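Please look through the structure shown here with the notes below beside it. They go point by point.

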Amino acid sequence: MLSEQERMNNAFKEMLFHEETMAKKYAQLGQQITDPKLQQMFRGMEQASRNHYSTLAAKMQSFAIV
């Protein structure tokens, strides 16, 4: 049986994977689309996912230290 810290670590890893996957998907879509407004929208969505990733990674590190 997993400890609470192991479960939290697994949850963080899953969320990090999801944000990384979404950022890559948004970047790919932004490159494929020719409409500048849509490209800008996808760049914003990609950046938001990368920001979420950074926030989650920082929280994961602070959680592991405790």
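1. The model is predicted, and a convenient place to begin is Lys 25, which is found in helix H1, spanning residues 4-32. Lys 25 has a relative accessible area of 41% and is therefore described as partly exposed, the class that lies between the buried limit of under 20% and the exposed limit of over 50%.

2. Seen from Lys 25, the start of the chain can be located as well: the C-alpha atoms of Lys 25 and Met 1 are separated by 35 Å, with the two residues 24 apart along the chain.

3. The structure holds one aromatic pair. Tyr 26 and Phe 42 form this pair, with 6.3 Å from centre to centre and 35° between the planes, and the arrangement is classed as tilted. The pair links distant parts of the chain, since Tyr 26 belongs to helix H1 and Phe 42 to helix H2, 16 residues apart.

4. Are the two partners of this pair buried or exposed? Tyr 26 has a relative accessible area of 17% and is buried, and Phe 42, with a relative accessible area of 12%, is buried too.

5. Glu 46 lies in helix H2, which covers residues 36-65. At 17% relative accessibility Glu 46 counts as buried, because the limit for that class is under 20%.

6. Which residues does Glu 46 touch, leaving aside those up to four places away in sequence? The contacts of Glu 46 are Ala 23, Tyr 26 and Ala 27, and Tyr 26 is also a member of the aromatic pair with Phe 42.

Notes: Residues numbered from 1 in each chain as written. Predicted model: local features only at pLDDT ≥ 70, side-chain atom pairs only at ≥ 80, totals over all residues. Heavy atoms only, no water. Helix = DSSP H or I, 4+ residues; strand = E, 2+ residues; numbered from the N terminus. Buried < 20%, exposed > 50% of the residue type's maximum accessible area, 1.4 Å probe, protein only. Contact = heavy atoms within 4.5 Å. Phe/Tyr/Trp six-rings, centres within 6.5 Å; stacked < 30°, edge-to-face > 60°.
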